[in-house]
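Here's a quick tour of a single model, from a helix through the nonpolar packing to the charged pairs. Have the coordinates open as you read.

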Amino acid sequence: VIWCLIIFSAARSSVDSNLDDICKLLRSTGFSSQPGAKRPASYPDSYFQRVPISATFISMVIGRLRSDDIYNQVSAYPLPEHRSTALANQAAMLYVCLFFSPSILHTQQAKMREIVDKYFPDNWVISIYMGITVNLVEAWEPYKAAKTALNYTLDSANIKEQATRYAASLESQRSQVQQRLKEGFLREEIILDHIPKLLNCLRDCNVAIRWLMLHSAESAYDLNNKRLRQVRDQVLSDSKYKPKILFQLLLDTAQFEFMLKEMFKQMLSEKQLKWESYKKEGSERMTELAEVFSGVKPLTRVEKNENLQAWFREISKQIESLNYEDSTAAGRKTAQLIQALIEVQEFHQLESNLQVCQFLADTRKFLHQMIRTINIKEEVLITMQIVGDLSYAWQIIDSFTSIMQESIRVSPPMVTKLRATFLKLASALDLPLLRINQANSADLLSVSQFYSGELVAYVRKVLQIIPESMFTSLAKIIKLQIHDIMEVPTRLDKDKLKDYSQLGARYEVAKLTHDISIFTEGILMMKTTLVGIIKVDPKQLLEDGIRKELVKRVAYALHKGLIFNPKAKPSELMPKLKEMAATMDGFYRSFEYIQDYVSIYGLKIWQEEVSRIINYNVEQECNSFLRTKIQDWQSVHQSTHIPIPKFASVDESATFIGRLCREILRITDPKVTCYMDQMNTWYDLKSHQEVTNNRVFSEIQNTLGTFGLNGLDRLLCFMIVKELQNFLTMLQKTILRDKAAVDVFKAMVAAVNPVQGIVANSTKVYTSAVAKSQKIWGSYLESIMKVGQMQILRQQIANELNFSCKFDSKHLGAALENLNKSLLADIEAHYQDPTFPYPKEDNTLLYEITAYLEAAGIHNPLNKIYITTKRLPYFPIINFLFVIAQLPKLQYSKNQGMTCRKATDPVDWLPLVLGMLTLLKQFHSRYTQQFLALIGQFIRSIMEQCTSQKIPDMPSDVVGALMFLEDYVKYTKLSRKVVEAHVPSLIFDEFRTIL
């Protein structure tokens with residue numbers, strides 16, 4: 001409403017404007033549809049008076065609605081007791097129009113009595129549009145004349161009379177409809193002979209269903225209102241209301257209606273063809289008889305009779321002359337011909353000749369069939385459509401959902417009857433579309449799509465009980481297969497055969513499997529059905545239902561199974577992953593087992609839905625790192641028909657994938673663990689016990705598959721980006737604004753220039769600079785090590801993905817590697833010679849191949865550019881000082897490499913190296929060159945000082961710096977010449993003797 005006002009105010013013309021009228025119309029009335037909410041005074045008549053309408057026009061409309069059958073419905077309901085049902089649509093319109101003339105409701109008792117006697121003598125709950133119900137007891141409470149007039153209808157004796165009448169009708173019609181639904185009852189001749197009776201049966205059923213559904217619906221009564229509660233209780237008591245019996249009649253009526261319609265449509269389509277066929281047969285019979293009485297055609301004991309010969313020829317011509325187009329005249333003439341044939345048989349004493357009698361009987365039969373056939377009219381179908389309207393139950397039907405589902409669970413073939421009920425409910429679509437269609441509006445398709453979609457969604461909701469029941473049986477099967485039934489060995493001793501037979505358990509599995517196949521058969525019996533304008537394929541419906549149930553159960557299992565206690569020691573990570581892997585394997589095995597019995601592609605569905613669940617959860621987890629969030633309706637992984645459930649967060653993570661990622665980061669935290677690259681293992685800094693190793697990623701692969709590892713990798717990317725952004729913010733807003741720190745950097749720049757030279761009195765210069773800048777390195781170290789830690793995890797994930805790809809899909813892995821190499825070779829060739837081709841901007845090849853390569857683990861996380869950066873002052877110097885400030889905290893060990901000196905002052909070597917490498921990778925390569933030059937100058941300067949002071953051993957800081965350069969070259973895969981340009985090979989040779 002606010003947006004409407006803003007738009008209108010923006011478009012308002014200074015000359016004349018409707019804005020004030022629009023504001024007046026849209027102003028709040030104070031009405032609330034919440035249960036128990038009180039209706040505002042003079043609502044809704046005061047609301048309708050906001051737009052003045054001619055009193056004469058309103059009076060004329062109400063007058064027509066009071067007196068005439070404007071929708072021509074009475075012809076479809078000829079019985080007087082059905083009159084209120086026939087005029088129900090008109091009554092709903094009159095109910096609304098009366099609020100435009102509230103004086104009638106308040107004071108004009110005679111008019112209100114007339115209206116109630118005509119429209120509401122036996123009903124007080126009405127449907128005004130698409131299942132929106134109104135209880136007149138409550139709606140007319142503030143209006144004296146209306147309330148008084150309705151009291152006659154609400155008299156307890158009248159309520160009892162109506163309730164018992166419709167209850168009796170329910171019982172009698174139930175047995176009649178069930179009798180007519182028996183196999184072989186509905187035949188063409190029965191239908192043709194008993195059209196009025198069958199239509200009467202349909203009328204009685206539909207009227208009884210309508211009254212009982214509307215007047216027993218809980219939604220139609222405010223149970224806080226004592227009067228309404230008493231009325232409803234009396235209706236339920238006097239009608240002995242049983243929702244299951246009412247629903248059974250609805251099912252049977254819908255099925256009967258559907259079968260009758262289908263047969264009638266077929267007869268209507270074949271009407272002319274059959275009529276012409278009967279006419280031809282009758283005419284030919286008469287011609288043959290004429291020939292018999294001519295004496296030419298021999299027939300036993302038939303004498304020549306020229307009069308009869310001429311008469312039969314004339315009858316043949318008369319039959320031939322019957323005109324299909326003029327059905328009334330043809331029907332009348334056919335009846336006369338039948339009478340003439342009866343008379344000729346009597347007057348000319350032809351009964352004695354059985355063959356002539358047979359000819360005459362056959363002809364009369366054909367003529368009778370012609371009369372029957374000519375009476376097949378489209379008006380019957382129109383009447384069935386009017387009588388079978390179920391639009392009043394558009395919302396009430398939902399209260400029968402549990403009964404429908406229980407019926408299907410007990411008897412899956414019930415779905416065939418439900419199909420007819422859904423088609424009956426689809427007839428409600430005619431109501432909103434009628435006027436749109438008459439106006440030739442372009443909205444016809446969109447409105448049809450909306451209501452058809454709503455109905456299909458309801459069909460899915462009801463039929464979801466089938467996949468639910470299947471999965472319940474599946475869970476029992478898997479439990480029996482895993483825990484009870486022993487696997488039969490390849491070779492088996494004869495005396496142990498009885499032990500392995502386990503007949504009881506195997507019988508139970510067979511019984512459960514049979515139940516599953518019965519459920520499948522039930523839904524597949526539905527056949528392809530057009531619901532509104534949407535075609536519903538039962539096989540697709542079954543598959544969607546199975547997918548939905550699978551998604552619901554797997555998503556719930558992942559949510560519940562991957563919740564970790566951060567205080568648990570040792571970590572719950574591996575036990576929970578193993579437990580989750582067993583659960584997922586159970587789901588997988590169940591799908592493998594079920595697929596042949598329900599005729600679905602189990603593996604395909606499993607992979608598609610599990611990948612969708614994981615990718616959706618990764619997307620939701622990554623939303624916390626995005627400014628513009630991806631909403632559910634924007635997500636390519638979310639679906640309307642097969643929704644992935646969202647669960648409330650249990651910690652800072654939004655989903656299970658976030659909890660898993662943060663648990664791995666917690667237990668591998670560089671502040672409490674030390675990573676040994678040679679062992680691919682993390683050890684506790686204090687106890688030196690193993691915390692975890694690369695097997696954790698194999699376990700994740702077993703639990704979540706390739707999609708899970710890939711999703712974890714993507715989430716780590718977002719975390720690295722966030723950490724680097726936070727780091728740069730901290731650097732720019734804290735360190736580079738600290739005057740003391742900047743002074744140290746300036747002094748250091750002056751001291752080390754030129755970088756190719758040696759720093760005089762190097763130990764003092766470096767030590768002094770490190771000491772003065774010591775306070776800024778705490779948060780710096782934390783960020784660098786976090787980035788390094790996540791890069792190690794990304795490397796481990798890439799290794800696991802690559803191993804899995806080569807093991808499970810070696811051809812795909814080889815093809816991707818070769819394609820990647822070919823593309824890189826082509827791109828390199830293009831940069832050397834621009835005449836060679838290069839993918840154009842609109843070519844998605846590079847983008848698409850990257851996704852495949854990352855999924856197969858064919859990439860190096862250390863070479864990625866995570867963020868865009870600007871030039872920063874003193875950046876190489878800051879990083880250089882940071883690295884040499886950390887070297888005293890580390891020591892070299894031949895067995896373990898670089899390790900932390902003190903557990904109280906933790907620095908983990910590899911996260912430090914990889915974090916620094918990643919940070920430098922985000923900036924221009926000249927920063928890396930300057931940084932490496934500073935490290936090289938540091939090594940040369942310290943070694944020069946040691947040589948001059950005749951210190952034989954290589955200082956530990958120099959060992960650390962050389963180790964840093966060695967690892968830097970190793971992980972960046974750079975040429976050794978890059979570092980040897982800054983550090984003489986002689987120093988490296990001496991360094992290797994220490995190693």
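## Helix α35 and its cover

In this predicted model, the buried residues of helix α35 are G813, L816, N820, L823, I827 and H830. Steps of three or four along a helix make sense here, because an α-helix has 3.6 residues a turn and residues that far apart point the same way. What covers these buried positions includes α34 (777–808) and α36 (845–855).

How far apart should the ends of α35 be? With 23 residues (810–832) at 1.5 Å a residue, the expected span is 33 Å, and the end C-alpha atoms are indeed 33 Å apart, so the two agree.

## Nonpolar cores

The largest nonpolar core has 251 residues, and W140, Y780 and I939 have the most contacts inside it. Helix α31 (residues 695–735) supplies the largest share of that core, with 18 residues. Apart from it there's another core of 23 residues, including W275, Y324, V344 and I374.

Take Y780 as a place to zoom in. Leaving out residues up to four places away in sequence, Y780 touches F727, M730, L731, I735, I878, N879, F882 and L919.

## A greasy spot on the surface

Not everything nonpolar is tucked away: L25, L26, V51, I53 and F57 make a nonpolar surface patch of about 400 Å². L26 belongs to helix α2 (residues 19–26), and its relative accessible area of 33% makes it partly exposed.

## Salt bridges

The structure holds 40 salt bridges. E782 is a handy one to follow, since it turns up in two of the pairs described here. One partner is K671, with the closest N and O atoms 3.8 Å apart. That pair links distant parts of the chain: E782 sits in helix α34, while K671 is in the loop between α30 (656–667) and β5 (673–676), 111 residues away. The other partner is K786, at 3.7 Å between the closest N and O atoms. K786 and E782 are 4 residues apart in helix α34, so about one helical turn separates them. For relative accessible area, E782 comes in at 35%, K671 at 41% and K786 at 33%, which makes each of them partly exposed.

Elsewhere, K147 pairs with E141, the closest N and O atoms being 3.0 Å apart. K147 is partly exposed at 33%, and E141 is partly exposed at 41%. There's also a network of salt bridges linking E543, R547, K604, E608, E609 and R612.

How values were computed. Residues are numbered from 1 along each chain as its sequence is written. This is a predicted model: local features need pLDDT of at least 70, side-chain atom pairs count only at pLDDT 80 or more; totals for chains, interfaces and linings use all residues. Side-chain values use heavy atoms; hydrogens and water are left out. Helices (H or I, at least four residues) and strands (E, at least two) are DSSP runs, numbered from the N terminus. The expected span of a helix is 1.5 Å times one less than its number of residues. Buried means under 20% relative accessible area, exposed over 50%, partly exposed in between (1.4 Å probe, protein chains only). Contact means heavy atoms within 4.5 Å. A nonpolar core is a set of buried Ala, Val, Leu, Ile, Met, Phe, Trp, Tyr and Cys residues joined through side-chain atoms within 4.5 Å. Patches are made of residues with over 30% relative accessible area and no salt bridge: like charges are joined within 9 Å, nonpolar side chains (Val, Leu, Ile, Met, Phe, Trp, Tyr) within 5 Å. Accessible areas come from the Shrake-Rupley method with a 1.4 Å probe; for residues, only the protein chains shown count as cover. A salt bridge is a side-chain nitrogen of Lys or Arg within 4 Å of a carboxyl oxygen of Asp or Glu.
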